[in-house]
Amino acid sequence: QVQLVESGGGLVQAGNSLRLSCRASERSFRNYFMAWFRQAPGKEREFVAGLTWSGTNIRYTDSVKGRFTISSDAAKNTVYVEMNSLKPEDTAVYFCAADPNSSAYTRPHYWGQGTQVTVSS
């Protein structure tokens, strides 16, 4: 069964950093576009960052540019998002997602279960 498993969430103070990890259960995901989304309470799920396993087609939503960095490690079947200078408005459940094409950045087919990130002021 295809799975995406996130880890690394937690509670941090504003200005600090966290790194989220997303491990894909199958090597076939290496042909996929990978992305991170987030959903804050009472808000719609939004795209945060995305890339292909080769490190191309990297995209970020404007609110995280310069603070978040997405990367991949094909040997570990894992995608990361390094989140620096965290703000209280970054508080959300963060989801890993995957799709065979760039729809991963809008309507991906596969989703992880999510990991909570809480940033205190």
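Which backbone nitrogen lies 3.0 Å from a polar atom of the side chain of Glu-6? In this predicted model, the backbone nitrogen of Gln-113 occupies that position. A further backbone nitrogen, that of Gly-114, also lies 3.0 Å from a polar atom of the Glu-6 side chain. Glu-6 itself is found in strand E1, which spans residues 4-7. The residue is buried and yet has no salt bridge; the nearest side chain of opposite charge belongs to Arg-45, at a distance of 7.7 Å. That separation exceeds the 4 Å within which a nitrogen of Lys or Arg and a carboxyl oxygen of Asp or Glu are counted as a salt bridge. The side chain of Glu-6 is thus described here by its contacts with the backbone nitrogens of Gln-113 and Gly-114.

Gly-114 is placed in the loop between strand E10 (110-111) and strand E11 (115-120). Its relative accessible area is 15%, so Gly-114 is classed as buried. With respect to another glycine, Gly-15, the separation along the chain is 99 residues, and the C-alpha atoms of the two lie 22 Å apart.

Salt bridges were examined next. The structure holds four of them. In one, Glu-46 pairs with Arg-38, with 2.6 Å between the closest N and O atoms. The partners differ in exposure class: Glu-46 counts as partly exposed because its relative accessibility is 32%, whereas Arg-38, at 5%, counts as buried. Another salt bridge joins Asp-62 to Lys-65, where the closest N and O atoms are 3.0 Å apart. Asp-62 has a relative accessible area of 61% and is therefore exposed.

A salt bridge is also formed between the side chains of Arg-67 and Asp-90, with an N to O distance of 2.7 Å. Arg-67 lies in the loop between strand E6 (59-60) and strand E7 (68-73), and Asp-90 in the loop between strand E8 (78-83) and strand E9 (92-99), so the pair ties together parts that are 23 residues apart in sequence. Both Arg-67 and Asp-90 are buried. These two residues belong, with Arg-38 and Glu-46, to a network of salt bridges.

Two members of this network recur at the largest pocket, which contains about 170 Å³ of space. Among the 13 residues that line this pocket, those closest to its centre are Arg-38, Ala-40, Lys-43, Glu-46 and Glu-89. By class, the lining comprises eight charged, three polar and two nonpolar residues. The salt bridge between Arg-38 and Glu-46 therefore involves two of the residues closest to the pocket centre.Backbone geometry was considered at two loop positions. The phi angle of Asn-77 is near 55 degrees, a positive value in a residue other than glycine. Asn-77 is situated in the loop between E7 and E8, and with a relative accessibility of 8% it counts as buried. Ser-85, likewise not a glycine, has a positive phi of about 50 degrees. The place of Ser-85 is in the loop between E8 and E9, and this residue is partly exposed, with a relative accessible area of 41%.

Ser-85 also takes part in a contact between residues far removed in sequence. Its C-alpha atom is 6.2 Å from that of Ser-17, although 68 residues separate the two in sequence. Ser-17 is located in the loop between E2 and E3 and is partly exposed, its relative accessible area being 37%. Asn-16 lies in this loop as well, between strand E2 (10-13) and strand E3 (18-24). At 39% relative accessibility, Asn-16 too counts as partly exposed. The C-alpha atoms of Asn-16 and Val-119 are separated by 8.6 Å, with these positions 103 residues apart along the chain.

Conventions: Residues numbered from 1 in each chain as written. Predicted model: local features only at pLDDT ≥ 70, side-chain atom pairs only at ≥ 80, totals over all residues. Heavy atoms only, no water. 1 Å grid on protein atoms, 1.4 Å probe; cavity = no way out; pocket = protein on both sides within 12 Å on 5 of 7 lines; lining within 4 Å. Points joined across faces, edges and corners; volume = space filled by probe spheres on them. Nonpolar A, V, L, I, M, F, W, Y, C, P; charged D, E, K, R; others polar. Helix = DSSP H or I, 4+ residues; strand = E, 2+ residues; numbered from the N terminus. Buried < 20%, exposed > 50% of the residue type's maximum accessible area, 1.4 Å probe, protein only. Lys, Arg positive; Asp, Glu negative; His and termini not counted. Polar contact = N/O pair within 3.5 Å; in protein donor to acceptor, adjacent residues only side chain to side chain.
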